[in-house]
Amino acid sequence: MAPVTNGRIVFNAIPDGYPEPGKTVVYDTTQTIDLDNVPLNGGILVKLLNLSIDPYLRGKIPALRATQWAAFTLGEPIDGYAIGVVVRSEKEGFKKGDHVYGGLSFVNYTVVTNTASLRIIENKYNLPWSVFVGAAGMAGKTAYMAWKEHPHAKAGETLFVSTGAGPVGSIVIQLAKREGLRVIASTGSDEKLQFMKDCGADVVFNYKTNNTQEVLEREGGIDVYWDNVGGDTLAAALEAAKLGARFISCGMISGYNGDGVGVKNLYHIFAKSLSINGFIVSRLYHKYDTQFYNEVPRLLAEGKLKFREHLWEGLEKTGESILAVQKGLNVGKAVIKVADD
């Protein structure tokens, strides 16, 4: 077989604020690859199928502040969670046709020699492969694992979820409802309100057209807060928190592309005996990964957990989708379909 174009997404420039499509990252088609003869060096050749576009990617784009993620390198491909299929293998345990999930370069074809972070996916319920970078992937794991680990919620308590229509927040709503909690959920657009209702939320609102603190106080306060945004919403949750409330800090996207809003009422932490747990989901894999794959794909296939996807077609759409996620314009889990199986 003649060499084929090997498209890739390259980190091109550090943005001042929001990432800019076609500038911050660019789609490069200057390289080719000989699929039959490229050396594998004991590894596997992976064809990219679906990419997960997540808020944390902004933290890998160097800025003025350090983050917990290794930064992308200028002039080199970016990487993230993805599903791919093995084209060739010299690695024991991997064979042609296996579908793998984990951190992969945003390149059409990649030789992977260190496969420690890749998991072979057994799609027992014939879910679309895109689901394994969303509700059955890192977003679903984030909701499922941290819900198992941190809130210690009880039936009858009230949970507040920010970004409740997102791929993490929407799963959190459903997990909480399965355990008998009352759920308040917020989002930034009216078109997303119905999805939160469909997921079971008891009270939904648009934080851009409603005062978050007033809503929370009107509903009687909160026992658990799942925070995806930080800033003013976190401040409102602190005001509305009941004695002994538990806060789960999953993300703070309001500050990812600028300085954000400072929270000035942190005294509620000691005044109300609050507990706050932050987490990075990969640090929970060792405890919950097997349980997650045994349970969540089945619930998704049975329709007992709802999910929505916002699909972009083509690797070249990466820059556009990254910006959409940072601005909250995606309606559902942001996924790029790179290629068919």
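A cavity is a set of points, on a 1 Å grid over the protein atoms alone, where a 1.4 Å probe fits but cannot get out; its lining residues have an atom within 4 Å of a point. By that rule, Pro19, Glu20, Pro21, Thr24, Val25, Ile61, Gly319 and Ile322 line the second largest cavity of this structure. The model is predicted, so local features need pLDDT of at least 70 and side-chain atom pairs count only at pLDDT 80 or more, while totals for chains, interfaces and linings use all residues. Residues are numbered from 1 along each chain as its sequence is written, and side-chain values use heavy atoms, with hydrogens and water left out.

Start with the empty space. Two cavities of 30 Å³ or more are counted. A volume here is the space filled by probe spheres set on the grid points, which are joined across faces, edges and corners. The largest cavity has a volume of about 90 Å³. It has 15 lining residues, and Ala135, Pro167, Phe307, Arg308 and Lys333 are the closest to its centre. That lining divides into seven nonpolar, four polar and four charged residues. Nonpolar means Ala, Val, Leu, Ile, Met, Phe, Trp, Tyr, Cys and Pro; charged means Asp, Glu, Lys and Arg; the others, Gly among them, are polar. The second largest cavity has a volume of about 30 Å³. Its lining has five nonpolar residues, two polar and one charged.

Two residues of that second lining, Gly319 and Ile322, are also buried residues of helix H8. Helices (H or I, at least four residues) and strands (E, at least two) are DSSP runs, numbered from the N terminus. Buried means under 20% relative accessible area, exposed over 50%, and partly exposed in between, with a 1.4 Å probe and protein chains only. H8 spans residues 318-327, and eight of its ten residues are buried, so the rest of the structure largely encloses it. The buried set is Thr318, Gly319, Ser321, Ile322, Leu323, Ala324, Val325 and Gln326. Their cover includes strands S2 (8-11), S3 (25-28), S5, S16 (309-313) and S17 (333-337). Just after H8, Gly328 takes a positive phi of about 70°.

Now follow S17. Four of its five residues are buried. Strands pair if DSSP finds at least two bridges between them. S16 and S17 pair in the parallel sense over five bridges, with Glu309 opposite Lys333. Lys333 is also among the residues closest to the centre of the largest cavity. S5 pairs with S17 in the antiparallel sense over three bridges. There, Asn50 stands opposite Lys337.

S5 (residues 44-52) also holds Leu45. Which residues does Leu45 contact beyond its neighbours within four places in sequence? They are Ile33, Leu35, Val38, Leu40, Val85, Val86, Val87, Arg88, Tyr109, Thr110 and Val111. Contact means heavy atoms within 4.5 Å. Leu45 is buried, with a relative accessible area of 0%. Asp227 is 182 residues from Leu45 in sequence and 39 Å away in space, C-alpha to C-alpha.

Asp227 leads to another sheet, where it closes strand S13 (222-227). Six strands form this open sheet in the order S12-S11-S10-S13-S14-S15, with parallel pairing. S12 (203-206) and S15 (275-278) stand at the edges with a single partner strand each, so one side of each has no neighbour in the sheet. The twist averages 15° from one strand to the next. Angles run from 0 to 180 degrees between N-to-C directions, and axes are lines fitted to C-alpha atoms, for helices over the stretch in contact. Four bridges join S14 (residues 241-249) to S15. One bridge pairs Phe247 with Ile276 in S15. Helix H1 (residues 138-149) packs on the sheet, touching S10 (158-161) and S13, and its direction makes about 145° with that of S13.

After S10 comes a loop. Ser162 lies in it, between S10 and helix H2 (169-178). Ser162 counts as buried at 1% relative accessibility. Leaving out residues up to four places away in sequence, Ser162 touches Ser186, Tyr225, Trp226, Asp227, Asn228, Val229 and Thr233.

Thr233 is one of the buried residues of helix H5. H5 covers residues 231-240, and eight of its ten residues are buried, so H5 too is largely enclosed by the rest of the structure. The others buried in H5 are Gly231, Leu234, Ala235, Ala236, Ala237, Leu238 and Ala240. Their cover includes S10, helix H4 (212-218), S13, S14 and helix H6 (268-271).

Methods. 1 Å grid on protein atoms, 1.4 Å probe; cavity = no way out; pocket = protein on both sides within 12 Å on 5 of 7 lines; lining within 4 Å.
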